[in-house]
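Subject: A structure for you to look at

Hi,

Here is the structure I promised to pass on. Have a look at it first, and then read on for my notes.

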Amino acid sequence: MTASAGQRAEHNPAAGYPALWPVTTRWDDNDHYGHVNNVTYYSYFDTAVNGWLMHTTGVDIRDLSAIGVVAETSCKYHRELSFPDSLQVGLSVEKLGTRSIVYLLGLFRESADDELQLAATGRFVHVYVDSTTRRPVPIPTEIEAAARTLVIPS
């Protein structure tokens, strides 16, 4: 008998995300208190989503006629991070619309025993706009096809 995605996620929270994207902490990510500053988590999310899209589509997304602008972000912190932690960002799609994508993200710290420890969860919304006029447009075909692979069945 195989475990369901929900059962796997109980024992390995990263199993609930169809893709993982590596991100490394940097020296200047730490704040005066010795841990990664809260706003830096948003940078990790942004880097992971856009890096994964470029890698998966094989396209420099900055060159498309439509670009994804961030319309909403949120983050819930579960544990501290600090340089030189190595991280993995889990990516999934909660909602794939015609002009927007709602990503659900998990930020994991790699531990010495190769376990991924959940550090934060987030939500990240891209709305697609024409790169010149900034008016809403449909999601580019390449992006839509890639994002579809991250959709978690409800």
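Which residues do ring pairs link into a cluster? They are Tyr-41, Tyr-44 and Tyr-77. Before I go further, please keep in mind that this is a predicted model.

**Aromatic rings**

Searching the whole structure turns up six aromatic pairs. In one of them, the ring centres of Tyr-41 and Tyr-44 are 6.3 Å apart and the planes sit at 50°, so this pair is tilted. For a pair to be called stacked, the planes would have to be under 30 degrees apart, and for edge-to-face over 60. Both tyrosines belong to helix 2, which covers residues 38-57. They are three residues apart there, or about one turn of the helix.

Are these two rings' residues buried or exposed? Tyr-41 has a relative accessibility of 3%, so it counts as buried. Tyr-44 is buried too, again at 3% relative accessibility. The cut-off behind that word is under 20% relative accessible area.

**Salt bridges**

How many salt bridges does a search of the whole structure find? The count is seven, and I'll go through a few of them.

Let's take Glu-72 and Arg-123, whose closest N and O atoms are 2.8 Å apart. This pair ties together distant parts of the chain: Glu-72 is in strand 2 (residues 66-77), while Arg-123 is in strand 5 (residues 116-130), and 51 residues separate them. Glu-72 has a relative accessible area of 37%, so it is partly exposed. Arg-123, at 26% relative accessibility, also counts as partly exposed.

Another bridge joins the side chains of Arg-109 and Asp-85, at 3.9 Å from N to O. Here, too, distant parts of the chain are linked, with Arg-109 in strand 4 and Asp-85 in the loop between strand 2 and strand 3 (86-96), 24 residues apart. Both Arg-109 and Asp-85 are buried.

Then there is Asp-29, which bridges to Arg-26 with the closest N and O atoms 2.7 Å apart. The two ends of this bridge are covered differently: Asp-29 is buried because its relative accessibility is 2%, whereas Arg-26 is partly exposed at 45%. Which network do these residues belong to? Salt bridges with shared partners connect Arg-26, Asp-28 and Asp-29 into one network.

**A negative patch**

On the surface you'll find a negative patch made up of Glu-110, Asp-113, Asp-114 and Glu-115. Glu-110 is part of strand 4, which runs over residues 100-110. Why can Glu-110 be part of a patch? Patch members need over 30% relative accessible area and no salt bridge. Glu-110 has a relative accessible area of 34%, so it clears the area cut-off and is partly exposed.

**One more residue**

Finally, have a look at Ile-143 in helix 3 (residues 141-148). Its relative accessible area is 1%, so Ile-143 is buried. If you'd like a distance to try out in the viewer, go from Ile-143 to Tyr-42: the two are 101 residues apart in sequence and 21 Å apart in space, C-alpha to C-alpha.

If you only have a minute, start with the cluster of Tyr-41, Tyr-44 and Tyr-77, then go to the negative patch with Glu-110.

Cheers

Methods
Residues are numbered from 1 along each chain as its sequence is written. This is a predicted model: local features need pLDDT of at least 70, side-chain atom pairs count only at pLDDT 80 or more; totals for chains, interfaces and linings use all residues. Side-chain values use heavy atoms; hydrogens and water are left out. Patches are made of residues with over 30% relative accessible area and no salt bridge: like charges are joined within 9 Å, nonpolar side chains (Val, Leu, Ile, Met, Phe, Trp, Tyr) within 5 Å. Accessible areas come from the Shrake-Rupley method with a 1.4 Å probe; for residues, only the protein chains shown count as cover. A salt bridge is a side-chain nitrogen of Lys or Arg within 4 Å of a carboxyl oxygen of Asp or Glu. Lys and Arg count as positive and Asp and Glu as negative; His and the chain ends are not counted. The place of a charge is taken as NZ of Lys, CZ of Arg, CG of Asp or CD of Glu. Helices (H or I, at least four residues) and strands (E, at least two) are DSSP runs, numbered from the N terminus. Buried means under 20% relative accessible area, exposed over 50%, partly exposed in between (1.4 Å probe, protein chains only). Rings of Phe, Tyr and Trp (its six-membered ring) pair if their centres lie within 6.5 Å; planes under 30 degrees apart count as stacked, over 60 as edge-to-face and the rest as tilted.
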